[in-house]
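Thanks for sharing this one with me. Here are my notes, written as numbered points so that you can follow them with the structure open beside you.

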Amino acid sequence: MKHPPEPFKIKVVEPIKQTTREEREAVIRKAGFNLFNVSAEDIFIDLLTDSGTSAMSDNQWAGIMKGDESYAGSRNWFHFYDVVRDIFGFPEIIPTHQGRVAENLLFSETLKNGGIVPNNNHFDTTRANIECNGGEALDLVIDEGKDPVINHPFKGNLDPTKLNDLIEKYGVENIPLGMITITNNSGGGQPVAMQNIREISEILHQNGIPFFIDACRFAENAYFIKQREADYAEKSILEIVQEMFSYADGCTMSAKKDGLVNMGGFIALNDSDLARSIRENLIRIEGFPTYGGLSGRDLEAIARGLREVLDEHYLEFRIGQVERLAEMLNELGVPILLPPGGHAVYLDARRFLPEMSQSQFPAQALAVALYREGGIRGVEIGGLMFGKTDPETGKEIYPDLELVRLAIPRRVYTNMQMHFVAEVIDKIFKNRDAIRGLKIVEQAAVLRHFTVRLEEV
Ligand code: F0G
């Protein structure tokens, strides 16, 4: 079945508020046309992120009651360790409270003398943690990965030629580690092929450079490999995952994605010396090595979530749900990034609102329209998030793409709710001439999209 139904039934429900257009109008004005300023209570369908927003299973909630909150050596730690060890294969496992702490701990040890870290595309926090630790983060995704409509099964692949050129240009001594992000969130949630992981691993290892994987959406990536790559159709998701990580020296993980939990993360690696120095910092900033910023019950929920996420019926539904939303929009003629990624559908605001100048923040204008029409919250990935002022000319520099990301939380919304989302977008698309541009009235010097206030032009 191409788009299977939900492989679960619903035991607990959380009411969501239906607001009137007038109420939403008042909310969005009060929020300065910034959806980060809107209370979640005033949102009907929240597609701001797929991170930390998953619904846990009855099995995970049962595990919460089995939480052992001992400071050292909690039983949940041993369960967590065994599961992570089995799935990812690395013997050294360091729990953290979320992914970005894992990144900071890894880079503060490996970038002591600075250096360059190549990746397909660094996620924002990865880039920020590299730069804050004195390194330089470079993106080497294949060119197809930058084209919003080109059809390629693995648009997240890291370009081996670009990697070889980089190593030649800067020298191995200036590249303390290389990374790949699976799936490639900043490039649209696009998967990376096993063949690519293998090839990048070989290049790095031939040069003596350690290879780490940003593992946030590892199970979704494995499902795409099973679907799209020759020789993997008959393998289990667990076998595919184990092979993916067998090519790496370690990984950083935000369990808030494919851990199916609301909080948690870890670093897992082979190098015991590096692990020892990371643990010293861990004790200082997160906690004792058998809990690392998490409670025993959180460790238990992650251990159970990591097993559940490997279930093929779940993944079939999950990837199918995202794909179905993309197909509905495509059939309606709504411009989106193609093919859809694993966790989100991206509306292409430049093609949606071709008449609107980038100086009027078309992607934000579209995100505001989605909220006004249906109480839906997406996130702008465009001029507001990435635009900056040129220090010499004082002119605004805009990014190539103006996107609205609709990230789908795991096991949270039904297919009927996704139909509703498509209908709302269709309605806006048909009345797109009515969408007004925005201008900034108040902004911070860094990461302005979180706090910016705007008004309509
Ligand atoms: N790496 C990737 C690829 C991510 O997508 C994220 C988070 C992180 C690292 C950091 O993990 O949030 O647990 O500290 N992405 C979220 C998102 C925030 O909305 O895409 P974290």
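1. Let me start with burial. In this predicted model, buried residues account for 57% of the 457 residues in the chain. The exposed surface of the chain comes to about 19,500 Å², and carbon and sulfur atoms supply 51% of that area.

2. On overall dimensions, the radius of gyration of the chain is 22 Å, which agrees with the value near 23 Å that a compact globule of 457 residues would have. Along the principal axes, the C-alpha atoms fill a box of roughly 60 × 55 × 45 Å.

3. Secondary structure is easy to summarise: you will find 16 helices and 16 strands in the chain. As for how the chain comes back to itself, take the contacts between residues at least 6 apart in sequence: 72% of them join residues at least 24 apart.

4. The domain layout deserves a look. Domain 1 is made of two segments, 21-50 and 311-456, while domain 2 covers 58-308. Where the two domains meet, 23 residues from domain 1 and 25 residues from domain 2 take part in the contact. Taken over C-alpha atoms, the centres of domain 1 and domain 2 are 27 Å apart.

5. A word on charge. The chain carries 67 negative side chains and 49 positive ones. The centres of these two sets lie 5 Å apart.

6. Now please zoom in on Asp214, which sits in strand 6 (residues 211-214). Is this residue, Asp214, buried or exposed? Its relative accessible area is 3%, and the cut-off for buried is under 20%, so Asp214 counts as buried. Leaving out residues up to four places away in sequence, Asp214 touches Glu103, Thr126, Met179, Ile180, Thr181, Ile182 and Thr252. By contrast, consider Ala233: 19 residues along the chain from Asp214, with 24 Å between the two C-alpha atoms.

7. My last stop is Leu294, in the loop between helix 10 (272-285) and helix 11 (296-308). Although Leu294 lies in a loop, Leu294 is buried, with a relative accessible area of 5%. Which residues does Leu294 touch, not counting those up to four places away in sequence? They are Pro95, Thr96, His97, Met263, Gly264, Gly265, Leu299 and Ile302. For Met263, one of these contacts, the C-alpha atom is 8.2 Å from that of Leu294, with the two positions 31 residues apart along the chain.

Methods:
Residues numbered from 1 in each chain as written. Predicted model: local features only at pLDDT ≥ 70, side-chain atom pairs only at ≥ 80, totals over all residues. Heavy atoms only, no water. Helix = DSSP H or I, 4+ residues; strand = E, 2+ residues; numbered from the N terminus. Rg over C-alpha atoms; globule rule 2.2 N^0.38 Å. Buried < 20%, exposed > 50% of the residue type's maximum accessible area, 1.4 Å probe, protein only. Contact = heavy atoms within 4.5 Å. Areas by Shrake-Rupley, 256 points an atom, 1.4 Å probe, with all protein chains shown as cover. Lys, Arg positive; Asp, Glu negative; His and termini not counted. Charge placed at Lys NZ, Arg CZ, Asp CG, Glu CD. Domains from an automatic or database assignment.
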